[in-house]
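Visitor: I am new to this structure. Please give me a close look at a single part, and tell me how far I can trust what I see. Then connect that part to what surrounds it.

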Amino acid sequence: MSEHQPTARTTTSHRARWAVPTVAALVVAGGIGYGTIGAGAADGLPDKSAEEILTGLQQASVPALSGTVVAKADLGLPDMPGMSDSAELTSLVSGSHTMRVWYDGPEKVRLAKLGDAGETDIVRNGSQAWVWSSTEKKAVQYTLPADTPSGQTHRSDGATMPATPQEASQQILARLGEDSTVSTTSVSRVAGRDAYELVLTPKQKDTLVKDVRLAVDGETMIPLRVQVFSTRLSSPAYEVGFSSIDMGDVEDRMFTFTPPAGTTLEKQDLSAAGASHDATKPHRAKGDGKTTGDAKAKAEAKRDAKDDLQVVGQGWSRVYVANLGKDALAEMTSGDGESTGPHGDAAPDLAGVLDSLPQTSGAWGSGRVLDGTLFSAVLTDDGRVAVGAVPSTQLTAALATRR
């Protein structure tokens with residue numbers, strides 16, 4: 001089988017998660033406090049300080065490449081009733097997943113996730129993009145607006161996703177303050193290549209994140225692997241990186257997509273939207289173009305919840321508190337909502353998930369608590385929710401001050 005030929009079992013998530021190694025690595029490139037900076041590298045690489053490596057990350061240009069990416073997650077989350085293997089959330093937060101990527105510039109990208117449930121590909125070639133699922137026997141073809149940022153592909157739920165390391169990093173750089181120190185250590189080989197390693201350590205001591213380790217290719221200065229360590233585990237709670245990589249030309253045929261026989265093809269022309277297209281707004285079904293009363297009420301509820309969002313703490317120990325309200329909570333747990341997600345895959349049974357979480361109570365009220373390895377969450381019986389990369393005790397303390 002040709003190295004650039006996708007297999008019959010390739011699948012991918014809609015978020016282009018092959019780019020995660022580059023995303024997390026470039027998080028450290030700006031607004032970060034430098035701790036003790038050492039110099040260290042694998043055999044055959046010149047010594048570089050953390051600052052020099054960060055500069056290289058910012059200036060790196062991603063070459064044409066193909067490769068295999070392996071992602072592993074142990075976030076301590078409960079099973080999600082109703083979630084299929086192909087569902088996006090499952091791919092992010094549990095188990096081990098293998099992905100394939102072909103890249104030849106931000107407008108030529110093919111992504112695939114290898115799994116047992118079927119095959120789903122994302123392909124972008126200029127103004128055309130496709131999302132195909134063999135399980136659903138469905139393909140969606142998008143004609144993108146002329147002003148679509150390079151490397152961004154529209155999802156059917158209206159969101160956009162970064163498809164290049166630089167674009168993905170920009171989204172995170174704006175959110176990162178001087179909350180971390182950066183040092184260097186050495187790593188021998190990643191995906192058969194010599195690499196530097198950066199260690200990003202939170203300044204706050206009350207976070208569940210112990211550190212983030214970034215393996216950076218010694219030649220191209222692009223990230224090869226990211227490992228996120230928890231204070232509760234000895235092995236990485238989340239890890240994603242190349243297991244193999246070939247930096248060289250990719251055949252144009254890899255960015256040409258033809259729906260297999262028996263595939264239902266749906267077309268969505270987004271080209272007329274242009275600069276006025278708001279990717280954050282829900283996609284309207286074709287018809288009279290009017291928003292139903294129920295949809296309008298839900299949109300208003302979401303805006304109200306956003307306005308009510310409060311932040312407690314700083315840096316890696318920030319706690320986010322929002323008041324969803326009893327009605328929203330009842331809707332989430334009623335079991336009467338849609339049984340499928342936006343792409344036709346099984347939606348999570350939120351009522352079942354919540355029922356599986358332990359109950360807790362205190363001065364802040366009562367509700368359900370999730371104590372994960374990298375983050376915790378508390379959902380109160382009166383519709384408040386608190387989330388953060390901290391133990392749940394810090395969440396309930398924040399809730400007690402935000403009743």
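Guide: Residues 82-90 have a pLDDT that stays under 50. The model still gives this stretch 26 contacts beyond four places in sequence. This is a predicted model. Where pLDDT is low, the predicted coordinates should not be read in detail. A second such stretch is residues 34-38, where pLDDT also stays under 50. That stretch has 15 contacts beyond four places in sequence. Over the protein, pLDDT averages 74, and 63% of the residues score at least 70.

Now the close look: T373. This residue sits in the loop between β18 and β19. Its relative accessible area is 9%. Buried means under 20%, so T373 counts as buried. What does T373 touch, leaving aside residues up to four places away in sequence? The list is D74, L75, G76, L208, S230, L233 and A237.

Start with the sheet. Both strands beside the T373 loop, β18 and β19, belong to an open sheet of six strands. The order is β15-β16-β20-β19-β18-β17, and the pairing is antiparallel. Its edge strands are β15 (310-312) and β17 (359-362), each pairing on one side only. On average, neighbouring strands are turned by 25 degrees against each other, direction ignored. Helix α8, residues 392-400, packs on this sheet. The helix touches β15, β16, β18, β19 and β20. Its direction makes about 40 degrees with that of β19.

Look closer at β19. Strand β19 covers residues 376-380, and β20 covers residues 384-388. The two pair in the antiparallel sense over four bridges. In this pairing, L379 stands opposite V385 in β20.

Next, follow the contact from T373 to S230. Strand β12 runs over residues 223-230. Eight of its eight residues are buried, so β12 is largely enclosed by the rest of the structure. Strand β11, residues 209-217, pairs with β12 in the antiparallel sense over seven bridges. There V216 stands opposite P223 in β12. The hairpin of β11 and β12 has five residues between the strands. In that hairpin, M221 takes a positive phi near 65 degrees. Strand β12 is also joined to β13, residues 238-247, by four bridges. These two strands run antiparallel as well. V228 stands opposite Y238 in β13.

Beyond β13 comes an aromatic group. F257 lies in the loop between β13 and β14, and W130 lies in strand β5. W130 and F257 form a tilted aromatic pair, 6.1 Å centre to centre with 45 degrees between the planes. The pair ties together parts that are 127 residues apart in sequence, because W130 is in β5 and F257 is in that loop. Both W130 and F257 are buried. W132 and F257 form a tilted pair too, at 5.9 Å centre to centre and 50 degrees between the planes. W132 is also in β5, and 125 residues separate it from F257. W132 is buried as well. Together, W130, W132 and F257 form one aromatic cluster.

One helix to finish. In α2, residues 50-59, the buried residues include I53, L54 and L57. The buried residues of α2 fall within an arc of 160 degrees, so they line one face of the helix. The face turned away from that side carries the exposed residues Q58 and Q59.

Conventions
Residues numbered from 1 in each chain as written. Predicted model: local features only at pLDDT ≥ 70, side-chain atom pairs only at ≥ 80, totals over all residues. Heavy atoms only, no water. Pairing = 2+ DSSP bridges. Axes fitted to C-alpha atoms, helices over the stretch in contact; angles between N-to-C directions. Contact = heavy atoms within 4.5 Å. Buried < 20%, exposed > 50% of the residue type's maximum accessible area, 1.4 Å probe, protein only. Arc of directions from axis to C-beta. pLDDT = per-residue confidence, 0-100. Phe/Tyr/Trp six-rings, centres within 6.5 Å; stacked < 30°, edge-to-face > 60°.
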